[in-house]
Amino acid sequence: MESKSLALAKQYLGKKVLVKVDRKLGEKHPKWDWSYPVNYGFIPGVIAPDGEELDAYILRVDKPVEEFEGEVMAIVHRTENDDDKLVVVPEGEPVTDEEIEKMVEFQEKWFKHEVVR
């Protein structure tokens, strides 16, 4: 059976979304000793099953941004919890599963996950 988080995230595949960034590229994580190699944020007003707004990685943007409008190309589906992440890129810029894995490894290496299209 599909998780609630994945079902929610799938509604956004192929669509344009606005991401509010709360962890900018290069910013240090508030608890852990690493910095974000990508912009990371959430979709305002879309509440995920974990009670927080739906998270999103912004890939292929090489400067820190406050917000970003782009296309949802994939989902990083965490198979053991309800905390899936959208993968958002500039419109018309494809990204492979291998590129996604490499760019989100900094955080996803701690979780069992798969890339869903």
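Which strand does Val72 lie in? In this predicted model, Val72 is part of strand β4, which runs over residues 67-78. Before zooming in on that residue, it helps to look at the whole chain.

The chain has two helices and six strands. Going along the sequence, these elements come in the order α-β-β-β-β-β-α-β. The radius of gyration of the chain is 13 Å, close to the 13 Å that the globule rule gives for 117 residues, so the chain is as compact as a globular protein of that length. Put a box around the C-alpha trace along its principal axes, and the spans come out at about 35 × 30 × 30 Å. What share of the 117 residues is buried? The answer is 44%. The accessible surface of the chain adds up to about 6500 Å², and carbon and sulfur atoms hold 50% of that. As for who touches whom, take the contacts with a separation of 6 or more: 58% of them link residues that sit 24 or more positions apart.

Back to strand β4 and Val72. Is this residue buried or exposed? Val72 has a relative accessible area of 1%, and since buried means under 20%, Val72 counts as buried. Setting aside the neighbours within four places in sequence, Val72 is in contact with Tyr12, Leu13, Gly14, Lys15 and Val17, and also with Leu86, Val87 and Val88. Glu98 is another residue to compare with Val72: the two are 26 residues apart in sequence, and their C-alpha atoms are 16 Å apart in space.

Arg60 makes a handy contrast in setting. This residue is found in the loop between β3 and β4. With a relative accessibility of 36%, Arg60 counts as partly exposed. Its backbone is worth a glance too: phi of Arg60 is near 70°, a positive value in a residue other than glycine.

Then there is the empty space. Rolling a probe the size of a water molecule over the atoms shows where such space is left. The largest pocket found has a volume of about 510 Å³. How many residues line the largest pocket? There are 20, and the ones nearest its centre are Arg23, His29, Tyr36, Tyr40 and Gln107. Three elements give two or more residues to this lining, namely β1 (16-23), β2 (39-47) and β3 (53-58). Sorted by class, the lining of the largest pocket is made up of 10 charged, eight nonpolar and two polar residues.

Methods: Residues numbered from 1 in each chain as written. Predicted model: local features only at pLDDT ≥ 70, side-chain atom pairs only at ≥ 80, totals over all residues. Heavy atoms only, no water. 1 Å grid on protein atoms, 1.4 Å probe; cavity = no way out; pocket = protein on both sides within 12 Å on 5 of 7 lines; lining within 4 Å. Points joined across faces, edges and corners; volume = space filled by probe spheres on them. Helix = DSSP H or I, 4+ residues; strand = E, 2+ residues; numbered from the N terminus. Nonpolar A, V, L, I, M, F, W, Y, C, P; charged D, E, K, R; others polar. Rg over C-alpha atoms; globule rule 2.2 N^0.38 Å. Buried < 20%, exposed > 50% of the residue type's maximum accessible area, 1.4 Å probe, protein only. Contact = heavy atoms within 4.5 Å. Areas by Shrake-Rupley, 256 points an atom, 1.4 Å probe, with all protein chains shown as cover.
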